[in-house]
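Biologist: I would like a careful look at one part of this model, beginning with a single aromatic residue and working outwards from there. Please take me through the reasoning step by step.

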Amino acid sequence: MEPFAIWGNFIYTEGPERLCLRPNSFAVCNENGLCEGIFERLPDKFNGIRLNDCRDFITIPGYCDMHLHAGQYRNLGRGMDMQLIQWLEELTYPEESMFRDLDFAKKVYGALVAELAGSFTTRAAIFSTAHTEATVLLMEELERSGLKTFVGRVNMDSNAPDSIRERDADYSLAETRDWLAQVKEKHFRRTQPILTPRFVPSCSPALLQGLGELAGETGLPLQSHLDENRDEIEWVHQLHPDSPSYAAVYDENGLLGPNTLMAHCIYMTDEECALMRERGAYVVHCPTSNTNVRSGIAPMRKYLDMGLHTCLGSDISGGHTLDMAEVIRQTIGVSRALWQLDESHPAYLTAQEAFYMATEGGGSFFGKVGSFQPGYEFDAVVVDDSVSCQGGEPMEARFEKLIYLGDSCMVKEKYVAGE
């Protein structure tokens, strides 16, 4: 890779408590796709490298969408008056069953990937469906897009219609191993597999145990759902009466660790919070989905203060948009609402903290990603904010307008690990 520098105005975080605003500066990407840092003047050792003049724009790390369902893309905006279980049974499962048709899958996944490629998003963790061939097809589409992603073939052998349910744990595990073998043969650079039990009610005890063994054998990361809906939580307690909590069911099967993404986490008990923190698992906040299907409001201020890993997800199609700029705004809004409605909630999230969750918070699941600190992978989005900023505004104002007025149509250039 040829090293290069961007000359522009940079906004990024160094942890949740520090927002860095660097006007008229230089960011250098080295030959390995890593950031050398932000400099007020270009160091002599970089003289002669390619220079991209972006002084009229702002440049930010790419957003990380850490929870989305590719098989639900066509359902965006539908079923928003339903609650979770009804929404799954009446809309989601019938839609996902259609991905056995590869022509259908190619059309839908092509449209999804095109929208992601044109957005603020540079990294994502994605649920496919329970169809091996369609999952491989999705991974091929994503590999060509330049994005870096984790993609999971969904495991579900229980409590679902025959059209989408796998016949038993042995079949589900065998299909997963076949999928992993196919992916290995593809030699993808940007697109990696992630184990994906849909959620506890959709997986038999034998399947949960088998996936835990597979995770231990392969070292693969894992994604699922946790404590999204009160009825769902009660259902888990009925299915696993000997387990002390929903999170404990995952943990007892070896499915909770530092490479685990758990979406929603709205109603975690103090014991579950402590377990998540001890295991180093990630809380993926999905505010648009949580509001749309009326699941509740996750206490993200509490989780951040506790030191839990926190990040954001669009969760389409419970969420109604792939635009992570809108997810950031919703994150701030629902946190303020919870603070107003619940006197026991200590404070609300700031714009800076929500921006951190969308960049460095989610990026850390991929490694050193989501900031312009030295040694971080060079993920960058150049944003044309001229519509909202007519010139002369301080960087603080440009950041605020990015948060509250940002839209994917403002994306001018995009880099993922320097490419």
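Is Tyr246 buried or exposed, and what is its relative accessibility?

Modeller: Please keep in mind that this is a predicted model. Tyr246 has a relative accessibility of 0%, and it therefore counts as buried, since that label is given to residues under 20%. Tyr250 is buried as well, with a relative accessible area of 0%. Both tyrosines belong to helix H7, which covers residues 246–252, and they are four residues apart, which is about one turn of the helix.

To see what these two rings do together, it helps to begin with the aromatic pairs of the model, of which the count comes to 20. In the pair of Tyr63 and Phe355, the ring centres are 6.2 Å apart and the planes stand at 85°, so the arrangement is edge-to-face, a term used for planes over 60 degrees apart. This pair links distant parts of the chain, because Tyr63 sits in strand E5 (residues 63–69) and Phe355 in helix H12 (residues 351–363), with their positions 292 residues apart. Tyr63 is buried, at a relative accessible area of 1%, and Phe355 also counts as buried, at 0%. Tyr246 and Tyr250 form an aromatic pair too, but theirs is stacked, with 5.8 Å from centre to centre and 15° between the planes. The word stacked applies here because planes under 30 degrees apart are described that way. Elsewhere, Phe4, Phe10, Tyr12, Phe372, Phe378 and Tyr415 form one aromatic cluster.

The edge-to-face pair also leads to a further residue, Leu402, which is found in helix H13. Leaving aside its neighbours within four places in sequence, Leu402 is in contact with both Tyr63 and Phe355, and also with Ile58, Ile60, Phe120, Arg329 and Val383. Leu402 is itself buried, with a relative accessible area of 2%. Sequence separation and distance in space are separate matters, and as an example of the two given side by side, Leu402 and Glu377 are 25 residues apart along the chain, while their C-alpha atoms are separated by 22 Å.

Leu402 takes part in the packing of two helices as well. The axes of helix H11 (residues 324–341) and helix H13 (residues 395–405) come within 7 Å of each other and cross at roughly 95°, and the two helices are therefore roughly perpendicular. On the H11 side, the contact is made by Ala325, Ile328, Arg329, Ile332 and Arg336, and on the H13 side by Leu402, Ile403, Tyr404 and Leu405. These residues divide into seven nonpolar and two charged, with no polar ones.

Within H11 there is also Thr331, which is buried at a relative accessible area of 0%. Setting aside neighbours within four places in sequence, Thr331 has contacts with His285, Pro287, Leu312, Leu349 and Ala354.

The loop between strand E14 (309–312) and H11 contains Ser317, and the peptide bond that runs from Ile316 to Ser317 is cis, with omega near 5°. Such a detail deserves a second look, because most peptide bonds are trans, and most residues other than glycine have a negative phi. The second half of that rule has exceptions here too. Cys265 is not a glycine, yet its phi is positive, near 55°. Cys265 is placed in the loop between strand E12 (260–264) and helix H8 (270–279), where it is buried at a relative accessible area of 0%. Arg294 also has a positive phi, of about 55°, although it is not a glycine. The loop that holds Arg294 lies between helix H9 (287–292) and helix H10 (300–306), and with a relative accessibility of 46%, Arg294 counts as partly exposed.

One more pair of helices can be set beside H11 and H13. Helix H3 (residues 132–145) and helix H4 (residues 169–186) pack at an angle of about 30°, with their axes 10 Å apart, and that angle makes H3 roughly parallel to H4. Their crossing is right-handed. From H3 the contact involves Thr132, Thr135, Val136, Met139 and Glu140, while H4 brings Glu175, Asp178, Trp179, Gln182, Val183 and Lys186. Here the residues divide into four nonpolar, three polar and four charged.

Terms used
Residues numbered from 1 in each chain as written. Predicted model: local features only at pLDDT ≥ 70, side-chain atom pairs only at ≥ 80, totals over all residues. Heavy atoms only, no water. Axes fitted to C-alpha atoms, helices over the stretch in contact; angles between N-to-C directions. Parallel < 35°, antiparallel > 145°, perpendicular 65-115°, else oblique. Contact = heavy atoms within 4.5 Å. Nonpolar A, V, L, I, M, F, W, Y, C, P; charged D, E, K, R; others polar. Left-handed = near helix turned anticlockwise from the far one by under 90°. Phe/Tyr/Trp six-rings, centres within 6.5 Å; stacked < 30°, edge-to-face > 60°. Buried < 20%, exposed > 50% of the residue type's maximum accessible area, 1.4 Å probe, protein only.
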